[in-house]
Amino acid sequence: MSDFLAMGGYAVYVWSAYAIAALVLVVLLAMSLGALKRREAALRLLEAAREARPRGEPTGSGSAPVPESSR
Amino acid sequence: MALPDRMAYLTVAMHRFANPARFQRIATAILPWSAGLTVLLLAAGLYLGLVASPADYQQGDTVRIMYIHVPSAWMALFIYANMALASAVGFVWRHPLADLFCRAVAPVGAGFTAVCLITGSLWGEPMWGTWWVWDARLTSVLILFFLYLGYIALVNAFDDPVRGLKAGAILVLVGVVNLPIIKFSVDWWNTLHQPASVSRLGRPALDPAMLTPLMVMAAAFMAYFVTLALLRTRAELLNRRIQVLQMARGAS
């Protein structure tokens, strides 16, 4: 096992290469999933606000009504 | 009249393919498979690359860096070529998904290019005795990295997202000239970087014991890219819908 970790004396180079690659791939995946979730939530709010507002009603009051379900 | 007819047919076919609802259906069908494949191939590739394959007789265990360095270089080029194709399609057929796909995958391409550069550096230090040289291969890949960053910055620099995407598409198409330079840099100039040893004509230059983990890792990176491209393009579609709804709200 320690032989495996030692990588023939090149442990620092080999393991940091793999660690950095893993870090980049994991961070990209996490950012992608995070953005997807954020936008799904924002879209739900916007669409709920649009449904709740009857057609033609002005939106002068400021914040759009939000139904209970999406709070 | 034959050519305009054919163009019209192609345009219809493109738009049908580009239909966001259809994209969502296809993405939902592919995603579990691409995600599962990514996990399986990564596990297999890591085992083959780190445990089952031999150390190189000259380079020792540093050769294992190749199993991430070379596939990430391939992905860096492949993703840029994809973006260039999407940009061209966006200009010619006004394909509504093309520009969104382009914007969605750019950070993934930048990520793979960074991995390629950093792992190359970590391989160069023990084998060449230097972290970096300004040879043609290394420099042209660094330019690729800046093209990715430039695209991301440019696309986000406009108030009108559509104009940003168009400007970005032009940058991507101009930057295509860099791809053959990267590919052939090791043949055209004397570089410290070695020439290709995977696809040399005649004899396979790389031992099967090393070629197998390399190809498995390449397949794993490809599956990872497909998964992220689908996830991120979906997020871009949601973003566009949010922008449309917000504009409608602002206008009413």
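Helix axes at an angle over 145 degrees count as roughly antiparallel. In this predicted model, the axes of helix 2 (residues 11-52) of chain A and helix 4 of chain B cross at roughly 175° and come within 9 Å. Helix 2 of chain A and helix 4 of chain B are therefore roughly antiparallel to each other.

On the chain A side of this helix pair, the residues are Tyr13(A), Ser16(A), Ala17(A), Ile20(A), Ala21(A), Val24(A) and Leu28(A). They meet residues of helix 4 of chain B, including Pro107(B), Val108(B), Gly111(B), Ala114(B), Val115(B) and Ile118(B). Further along helix 4 of chain B, the contact includes Thr119(B), Leu122(B), Trp123(B), Glu125(B) and Pro126(B).

The contact between the two chains as a whole involves 33 residues of chain B and 25 residues of chain A. On the chain B side, helix 3 (66-93), helix 4 (98-128) and helix 8 (208-251) each give two or more residues. Helix 8 of chain B gives the most, with 13 residues.

The table lists the residue classes for the helix pair and for the chain B side.

| Set of residues | Nonpolar | Polar | Charged |
|---|---|---|---|
| Contact of helix 2 of chain A with helix 4 of chain B | 14 residues | three residues | one residue |
| Side of chain B that touches chain A | 18 residues | eight residues | seven residues |

As for confidence, the predictor gives the complex an ipTM of 0.88 and a pTM of 0.87. Chain B has a mean pLDDT of 90, and 90% of its residues reach 70 or more.

How values were computed:
Residues are numbered from 1 along each chain as its sequence is written. Chains are lettered from A and ligands numbered from 1 in the order in which they are written. This is a predicted model: local features need pLDDT of at least 70, side-chain atom pairs count only at pLDDT 80 or more; totals for chains, interfaces and linings use all residues. Two residues are in contact if their C-beta atoms, placed from the backbone, lie within 7 Å. Helices (H or I, at least four residues) and strands (E, at least two) are DSSP runs, numbered from the N terminus. Ala, Val, Leu, Ile, Met, Phe, Trp, Tyr, Cys and Pro count as nonpolar, Asp, Glu, Lys and Arg as charged, and the others, Gly among them, as polar. pLDDT is the predictor's confidence in each residue, from 0 to 100. Axes are lines fitted to C-alpha atoms, for helices over the stretch in contact, and angles run from 0 to 180 degrees between N-to-C directions. Angles under 35 degrees count as roughly parallel, over 145 as roughly antiparallel, 65 to 115 as roughly perpendicular and the rest as oblique.
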